[in-house]
Amino acid sequence: FKLYETYGFPFELTREICARRGVAVSEEEFGVEQQAAAKIAGDVSKFEGDLATAPYQKLLQESPGLKTAFTGYKKLEEQTQIVTILRYVKTDAGVRVESGPKVELGPGDEGEVILLRTPFYPEGGGQVGDKGQLMDDVLEGKVLALVHDVQKPVPQIIVHRVTAQRTLRVGMRVKATVNPETRRTTAYHHTATHLLNEALKRVLGPNIRQAGSLVAPDRLRYDFTHQKGLTKEEISAVEAIVNEAIQADLAVQPMERSASDIQALGATVLLGEKYGDKPRFLLIGKSGWTDPADRFSLELCGGTHVNKTGEIQTFKILKETSVAAGIRRIEAVAGPALEEMVRREEAADREALKGLIHSFIILTSKIQTVTGKPYHSVLTNIEDPDTASISEVRKHLPELRELEKSLEVVPLHDQLPVG
């Protein structure tokens, strides 16, 4: 068990190696040790979790009926009401939280707001919380608060972390408005994560398991169980499968179903997650739920997604690394985030070439000053970095870098003028 827990060495491999050498391995004792370790980890996790949720448990004790209804699967705006406010008060000892029916947030104050109903998706399942605004429900365009993050510290309530722009009071009616762009780009990455999960199984084998994830508007991160790094060919194969699924414009359809359908339909689940009696299934396939057997993937997921895979447009793996023994990590981008990343990289390369040209001019000017003769310049062969093709820019970058290094290393009196 120590090989498994400390070094991530699979139990199956230990059993196979020992069998070859005639050494007996007790699966029963391994299970006992695994349960004991899980209990210790669970006790620590529960203690830390109790500390984090204590203020919200207190709220529920004071207001037993306190509950937030999530409406964000179908809409991004909701006419709603503030039912609780928690105000952050900075002190020398740290931050104190005030709550109660008379607590308010004034302009510039930071705190948390609990709403009766909300379209804001709270962080969960690897997906980051929504961002947006709380608006005046009567005066169009009047911003009451900026929503920076959304969490679900206990199952009953959703908490909005805000900076007030105007006074907020318990009982106020507001229009909760999710930023549509961040929701949309986050959805691209969440659906792409499902496509990636299935693609990895098809390339590496069905035994890989998700070991963590991050789904954000600008990127995704996916951790999975695997004993060695992926080859270039495997990465290319995974990328190709994901992009083929995107080009196929498959239907992406969520549906709440009985928990008994998990096994019946062969849905992928995340080990350790609790899904309840009626979990939310997410099916990706050509025919959707009309023919669930003809599918690309089927997982249990409470996150937000695109309606068709074609909305994602494109997918690119940025890097694949190790994060622990037996755990690999893929970082990737999809949709407009990939386009934006390409634009940033191109702009950075153009600026780098401009800087190198400037440095080269200064160095050659010094040489001419010392020698009194013109120095042969390679700059006549380089196009304007602002208008040249990016392939030309990237061709000249390493050339100029090497030339700049050689000019900086050789003393000026040793520079040989040409012409």
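Let me begin with a single residue, Asp249, which is partly exposed, with a relative accessible area of 36%, and which sits in the loop that joins helix 5 to strand 12, the strand covering residues 251-256. What draws attention to Asp249 is its backbone, since it has a positive phi of about 55 degrees although it is not a glycine. As a reminder for anyone who does not look at backbone angles every day, most residues other than glycine have a negative phi. I should say at once that what we have in front of us is a predicted model, and that everything I describe this morning is to be taken as a description of that model.

Gln313 can be placed beside Asp249, because Gln313 too is a residue that is not a glycine and yet has a positive phi, in this case of about 75 degrees. Gln313 lies in the loop between strand 14, residues 297-300, and strand 15, residues 315-324, and with a relative accessible area of 34% it is partly exposed.

Let me now step back to the whole protein. There are 419 residues, and buried residues make up 39% of them, while the secondary structure comes to 8 helices and 16 strands. If we take the contacts with a separation of 6 or more, 67% of them are accounted for by residues 24 or more positions apart. The accessible surface comes to about 23300 Å², and carbon and sulfur atoms hold 52% of that surface.

Next, I would like to turn to a pair of helices, one of which, helix 5, we have already met as the element before the loop of Asp249. Helix 4 runs over residues 180-204 and helix 5 over residues 232-247, and their axes come within 9 Å and cross at roughly 135 degrees. How, then, are helix 4 and helix 5 oriented to each other? An angle over 145 degrees would count as roughly antiparallel and one of 65 to 115 as roughly perpendicular, and the two helices are therefore oblique to each other. Their crossing is right-handed.

As for the residues that make this contact, helix 4 contributes Leu195, Leu196, Ala199, Leu200, Arg202, Val203 and Leu204, while helix 5 contributes Glu234, Ala237, Val238, Ile241, Val242, Ala245 and Ile246. Sorted by character, these residues divide into 12 nonpolar, no polar and 2 charged.

One of those helix 4 residues, Leu204, leads us on to His226, which is found in the loop between strand 11, residues 220-225, and helix 5. Is His226 buried or exposed? With a relative accessible area of 16%, His226 is buried, because the cut-off for that word is under 20%. Not counting residues up to four places away in sequence, His226 touches Leu204, Ile208, Gly326, Ile327 and Arg328.

At the other end of our story, just before helix 4, there is Asn179, which has its place in the loop between strand 9, residues 173-178, and that helix. At 31% relative accessibility, Asn179 counts as partly exposed. Which residues does Asn179 contact, once we leave aside its neighbours within four places in sequence? They are Lys131 and Gly132, and the second of these is 47 residues away from Asn179 in sequence, although the C-alpha atoms of the two are 4.6 Å apart in space.

Two further residues can be described in a similar way. Ser287 is found in the loop between strand 13, residues 280-285, and strand 14, and it is partly exposed, with a relative accessible area of 28%. Ser287 and Leu250 are 37 residues apart in sequence, and from C-alpha to C-alpha they are 7.9 Å apart in space.

Val97, finally, belongs to strand 3, which spans residues 94-99, and at 43% relative accessibility it counts as partly exposed. Leaving aside its neighbours within four places in sequence, Val97 is in contact with Leu86, Arg87 and Tyr88. Val97 and Pro55, for their part, are separated by 42 residues in sequence and by 8.7 Å in space, C-alpha to C-alpha.

Note on methods:
Residues are numbered from 1 along each chain as its sequence is written. This is a predicted model: local features need pLDDT of at least 70, side-chain atom pairs count only at pLDDT 80 or more; totals for chains, interfaces and linings use all residues. Side-chain values use heavy atoms; hydrogens and water are left out. Buried means under 20% relative accessible area, exposed over 50%, partly exposed in between (1.4 Å probe, protein chains only). Contact means heavy atoms within 4.5 Å. Accessible areas come from the Shrake-Rupley method with a 1.4 Å probe; for residues, only the protein chains shown count as cover. Axes are lines fitted to C-alpha atoms, for helices over the stretch in contact, and angles run from 0 to 180 degrees between N-to-C directions. Angles under 35 degrees count as roughly parallel, over 145 as roughly antiparallel, 65 to 115 as roughly perpendicular and the rest as oblique. A crossing is left-handed if the near helix is turned anticlockwise from the far one by less than a right angle, and right-handed if clockwise. Ala, Val, Leu, Ile, Met, Phe, Trp, Tyr, Cys and Pro count as nonpolar, Asp, Glu, Lys and Arg as charged, and the others, Gly among them, as polar.
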